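This report covers helix packing, one sheet and the shell around the ligand. Please read it with the structure open.

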Amino acid sequence: MLADNRALGHVEFASVRQHKDAIRRVVTSREAHVRQHGLDLEFSLPGGNWTPDAHDFLVAYRHLLDGDSEITSRLRLYAQAFSGHQLLTMSPGCGKQSVNEIDEYYDDRLREILRVPSEWVARWRAIVAQCPDRFRFRPQPILGEVGWLVDGVIVNHDTYAYQERLNLLHESGLLTWLERREQRTGQVRILEIGGGYGALAAALKRAFPLSSYTICDLPESLLFSGCYLRVARPDCAHLTYETAQDVVAPQPFGFQYLPNFLFPALVGAGATYDLVVNTLSFSEMTAHQVRTYGEGISSLIGQGGVLFEQNQDNRHMGLCYCKDHLAESFPHRRTVRSRTVRQVENGITDLWSNFALDGTLGAQLDPTPAVDRISTGDRPLLRKQDVKGFNIVEIGGNFFALAQSIGPVDFHQTSEREWNEWIVAGRCFVGSSFEAAMAFASSQRKAGVEQAA
Ligand SMILES: C[S@@+](CC[C@H](N)C(=O)[O-])C[C@H]1O[C@@H](n2cnc3c(N)ncnc32)[C@H](O)[C@@H]1O
């Protein structure tokens, strides 16, 4: 209910105001900035499905931009443009306006809506059971978030939608790979292009506390993601870029908001990223915009990073099929097959890279995967038994958390494929310290382990 939302304080509103002021300046000066600096007009201005003609989304943008603290604290109820679902009425947003009056009887009406069992709760339950707890999206009771409270999580269409993206990321093996990279290097860099209101960013930042997270989006959309994340994560640094001169390599640990027309400046700054994410948004851009992003991302991920994208073929709507254009920039493509998510509605998921991703992902992405470093002379040492159903085993300087449900493991006979299947299923963790393996096992719920088994 709205009545259960956390009240916001002065500090949060001050941070939101700062972001709003920056976005207002960026949008006001955008066209002049683009022309003055000789930037690519076709890439820089909103195009495809986001051309401004009579776009209801712009009404929501102005409502939030000019709105007082009460309007800001209901942000989620004006954000239907991103997921296509109207949270206010818990129904599809198609054909409905984004901005509606929210009166004092809203919670009473919502209570009636919530009495009816929801398709989204059932679908959410089915997929979330297949994803480790640390990769679950848990929207906070802020900014107008409402829904069914299930196992302590506010569930609505959008909770389901972003959990779908997380399940796919997890099943691709990327999240486990990124975790290992974070443990090894103490930092990971994530770039999301077209981040909507910031839901995936919030979930990934929770999963990767040491990440630096950049969202590149139309400034009008950055208004939403920046306000949302500044309130959701007041403990993090937030930087809203306004000009090409501001753009520097990703700042450690915080969030950066990059207006789309400054993307070439990010590429020019020599930034590098481990993971670039694009979901349901290349499919709404022009072919030229997709091609320009493809070229830039290829340079940003170099030989060490990966682009994860899920997009539909929108040629029937007069738009493009982004995969045709991404193929021009990346020599390697691997399609993610999911056991939990149907990819019919939202499109096929692909990983793109400059290096081969054949075989199992974990081993291919990490140049020195831990399981490869076990030599025949190494003997396993049981360091701790039954931590939430996992055994902690040390071998050859690696620390494993192994689900007991796997049964006895012969470290020298297990194939790369088996290791990766267990890792992807959350039944095995490999880290470089006892503490890391313990932290993984302790964060598991025994029920989840049994389910995986
Ligand atoms: C349908 S929403 C998808 C949001 C979210 N990624 C998801 O999976 O639900 C499309 C997103 O693409 C963004 N977008 C549209 N044109 C863009 C452009 N030229 N550059 C960057 N982002 C763009 C929109 O602002 C919006 O955030």
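Helix 7 and helix 8 cross with left-handed sense. The model is predicted. Helix 7 covers residues 119-128 and helix 8 covers residues 157-171. Their axes lie 9 Å apart, at an angle of about 25 degrees. Angles under 35 degrees count as roughly parallel, and helix 7 and helix 8 are therefore roughly parallel to each other. Helix 7 contributes W120, R123, W124, I127 and V128 to the contact. Helix 8 answers with H157, T159, Y160, Q163, E164 and N167. By class, this contact of helix 7 with helix 8 has five nonpolar, four polar and two charged residues.

A second helix pair involves helix 3 (residues 56-66) and helix 11. The crossing of helix 3 and helix 11 is left-handed as well. Their axes come within 9 Å and cross at roughly 50 degrees. Helix 3 and helix 11 are therefore oblique to each other. On the helix 3 side, L58, Y61, L64 and L65 take part. They meet E220, L223, F224 and C227 of helix 11. The contact of helix 3 with helix 11 has seven nonpolar residues, no polar residues and one charged residue.

The two contacts compare by class as follows.

| Helix pair | Nonpolar residues | Polar residues | Charged residues |
|---|---|---|---|
| Helix 7 with helix 8 | five | four | two |
| Helix 3 with helix 11 | seven | no | one |

Helix 11 also links this picture to the strands. Helix 11 (residues 219-232) lies across strand 6, strand 7 and strand 8. Helix 11 runs at about 170 degrees to strand 8 (255-259).

What is the strand order in the open sheet of eight strands? The order is 7-8-6-5-9-10-12-11, with mixed pairing. Strand 7 (238-240) and strand 11 (332-335) are the edge strands, and each pairs on one side only. Neighbouring strands of this sheet are turned by 20 degrees against each other on average, direction ignored.

Within the pairing, strand 10 (residues 306-311) and strand 12 (residues 348-353) run in the antiparallel sense over five bridges. L307 stands opposite W352 of strand 12.

Last comes the ligand. Of the 20 residues around the ligand, G194, G196, S221, T279 and S281 come nearest. Helix 5 (80-83) and strand 6 (211-217) are the elements that give two or more residues to this shell. By class, the shell has eight nonpolar, nine polar and three charged residues.

Technical notes
Residues numbered from 1 in each chain as written. Predicted model: local features only at pLDDT ≥ 70, side-chain atom pairs only at ≥ 80, totals over all residues. Near = placed C-beta within 6 Å. Helix = DSSP H or I, 4+ residues; strand = E, 2+ residues; numbered from the N terminus. Nonpolar A, V, L, I, M, F, W, Y, C, P; charged D, E, K, R; others polar. Axes fitted to C-alpha atoms, helices over the stretch in contact; angles between N-to-C directions. Parallel < 35°, antiparallel > 145°, perpendicular 65-115°, else oblique. Left-handed = near helix turned anticlockwise from the far one by under 90°. Contact = placed C-beta atoms within 7 Å. Pairing = 2+ DSSP bridges.
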